[in-house]
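Visitor: Hello! I would like to understand the words people use when they describe a protein model. Could you show me one and let me ask about them?

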Amino acid sequence: MLNLRSLAPARCVARIRRLANITGEARDTLGKEKSLPKGDSQSEQPKEEVPRGRKNEKVLLSHIIQDIQRKPLEVPTLIGDEHEYTMDNQRVSSPHQLTTILAQVYYANRKQIERAITSALAAQNTWSLVPTPQRVAIWRRAADLIEEDQSRLLVFLVLSLSKTLDDARRDIKRLLRSLRANADYLEHLSELRFEIQGDMNVFPSFHLRPMDGFVAALAPFESVALSASLALCPALMGNTVLWNPSLEVAPASFLIHRAFLEAGLPAGVINFVPANKRLFLDTITDAVHFAGLNCQCSASEYRHMHKMVGDKLERYICFPRLVAECPGQNFHFVHASAKVETVVSASVQAAFGYAGQYANSLSRMYVPSSLWPKIRDQLVETTNRLHIGDPIEPTTDMGAVINVEVFRQMQKMMERTENRERLCGGICDDSKGRFVNPTIVRVDDPLDPLLCEPFVGPFLPVFVYPDDSFADVLKLTANQSRYALSGSIFAKPDEVILHCLNKLRMSASNLYVNERCTGNNFGLTPFGGNRLSGTNDKSGSAYFLMRWSSPLLIEETVENPYPSDR
């Protein structure tokens, strides 16, 4: 058994303890359920609770789609309680059906962003004094409203982000869990009492005060749950926020913002400000009361933000907090003892789920030569079975890539690997939508840039190593990339798992054992990366909420706190 004082994660320890009590046929059955490929495993997955409003879902979704196509959603800039419609009108089209217009997003100009800052500062004094129970009640009420009327949100996730129905439902589930979990976290944090050593007549109290100024949120396209949390977590802690979602996720984000206003969120607490990213950054960092930025971006963009804020540091009333999650060069490291079916199932899902566009999608894979023939055959067979097409169809496994930039990057990757050993895929087609076939390429050079450069899209480089080079390749995996977001280890012996965990502990901030590097679909796992993959503030945890607090200690001295009765 594992030494519990080692680096073995609690989930791994719990699983090993559980497996220790399973023998024979029961263990084999459990292994089969864990290792089925995506196309065959949906009936074996834990059944998600069916939300209200899912009756006659196909008819309902069809009606909503027709309504959106007839009249695209208008997404304005919201400053306080005012809806602003500007001349900078950006169209959101469906990635898998480029001629379909879903929404018109009205981008804010510099003056409107400055007004949004003024609105946020005006709302700060009132919102920061709202008691924790009232803030928590708004979050829970908003989660209930979103859950009760999630069909329209589901359609926008499918049409504007080209997520499959299953992916979109999981995204909404993740959003609802996040809202309710953060409300619970804040309740627990507000009840904490800190013991301070001192005299008997000293009474200290600790208060979770918000930041002194406004917070900006730059939200990505990959997940509405992540997009919303970047704005909502600072707001839950009493801050006022400027929320700038990416164009593709703006319609879904607008629906969430509207639900929060309906739940009782005061106007001006979260100002909804879709805008050009460079203009938005220039404007907010010019403001004297700029207190923080919460974002997901590339490492180069984060460096640029740091330099921009550093050059203007003397103008601010505080030191702004810059919190970021950046993409990773996420890995699957396979040991010779690994179960082939588990490796194949996990790798296909991690590399090609949502067309490989998650920040923690699988980017590189290391396979021992003894397992390679079996893994190769099953990997290619499973990948070729994936159905690529319209994500609104229940049988679709993968939709289109989100935008032109990702599509062009994939085209360049295909040209670059034209002379490599390509196992499958290699086709990019934008005649109707931006479709890229899932592509697997074998890499012979262990120092190949494909194994260390980040990219977005359904592309998987695989390096096959000799079994007797296990230690060297493990070291290569740990140090090859400057990014350290997510990684997985596939092995059976406990001592091998522990050895890998020790060697890889700095190469990923989310490490999984016999599980895909995108993690389990049915939980809420704290997430974040180190090295060039971000500031590792673990969104989805109470620690992330604390990042948006500026705690206040009040210490009161009383001359005679315990007078004697006379």
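Guide: Gladly! Helices of at least four residues and strands of at least two are taken from DSSP runs and numbered from the N terminus. Counted that way, this protein comes to 18 helices and 23 strands. Please keep in mind that the model is predicted.

Visitor: How do you know which parts of the prediction to read with care?

Guide: The predictor gives each residue a confidence from 0 to 100, called pLDDT. The protein averages 88, and 87% of the residues score at least 70. Over residues 1–6, however, the pLDDT is below 50, and this stretch has 14 contacts in the model beyond near neighbours in sequence. Residues 19–48 are also below 50, with 31 such contacts. Where pLDDT is low, the predicted coordinates should not be read in detail.

Visitor: What makes Trp 127 and Trp 139 a stacked pair?

Guide: Ring centres must lie within 6.5 Å to pair, and planes under 30 degrees apart count as stacked. Here the centres are 6.4 Å apart and the planes make 25°, so both conditions of the definition are met. Trp 127 belongs to helix α5 (residues 110–127) and Trp 139 to helix α6 (residues 132–148), 12 residues apart. Both Trp 127 and Trp 139 are buried.

Visitor: And why is the pair of Tyr 354 and Tyr 358 called tilted?

Guide: Their centres are 5.1 Å apart, and their planes stand at 50°. Stacked needs an angle under 30 degrees and edge-to-face one over 60, so an angle between those limits counts as tilted. A search of the whole structure finds 13 aromatic pairs. There is also one aromatic cluster formed by Phe 333, Tyr 366, Phe 463, Tyr 465 and Phe 470.

Visitor: Are Tyr 354 and Tyr 358 buried or exposed, and how do you know?

Guide: Buried means under 20% relative accessible area. Tyr 354 has 3%, so Tyr 354 is buried. Tyr 358 has 18%, so Tyr 358 counts as buried too. Tyr 354 also has Lys 163 over its face, at 4.2 Å from the ring centre.

Visitor: Why is Ser 481 called buried?

Guide: The reasoning is the same kind: its relative accessible area is 4%, and the cut-off is 20%. Ser 481 lies in the loop between α16 (470–479) and β19 (483–484). Leaving aside neighbours within four places in sequence, Ser 481 is in contact with Gln 329, Arg 364, Cys 452 and Arg 531.

Visitor: What makes β14 and β21 edge strands?

Guide: Seven strands form an open sheet in the order β14-β17-β18-β13-β12-β20-β21, with mixed pairing. β14 (421–424) and β21 (510–513) each have a single partner strand, so one side of each has no neighbour in the sheet. Neighbouring strands of this sheet are turned by 20° against each other on average, direction ignored.

Visitor: How do you know that β20 and β21 are paired?

Guide: Two strands pair if DSSP finds at least two bridges between them. Strand β20 (residues 486–490) and β21 are joined by four bridges, so they pass, and they run parallel. Ser 486 has Asn 510 in β21 as its bridge partner. Helix α17 (residues 494–504) packs on the sheet, touching β12, β20 and β21, and its direction makes about 165° with that of β21.

Key: Residues numbered from 1 in each chain as written. Predicted model: local features only at pLDDT ≥ 70, side-chain atom pairs only at ≥ 80, totals over all residues. Heavy atoms only, no water. Contact = heavy atoms within 4.5 Å. Phe/Tyr/Trp six-rings, centres within 6.5 Å; stacked < 30°, edge-to-face > 60°. Buried < 20%, exposed > 50% of the residue type's maximum accessible area, 1.4 Å probe, protein only. Lys NZ or Arg CZ within 6 Å of the ring centre and 35° of its normal. Axes fitted to C-alpha atoms, helices over the stretch in contact; angles between N-to-C directions.
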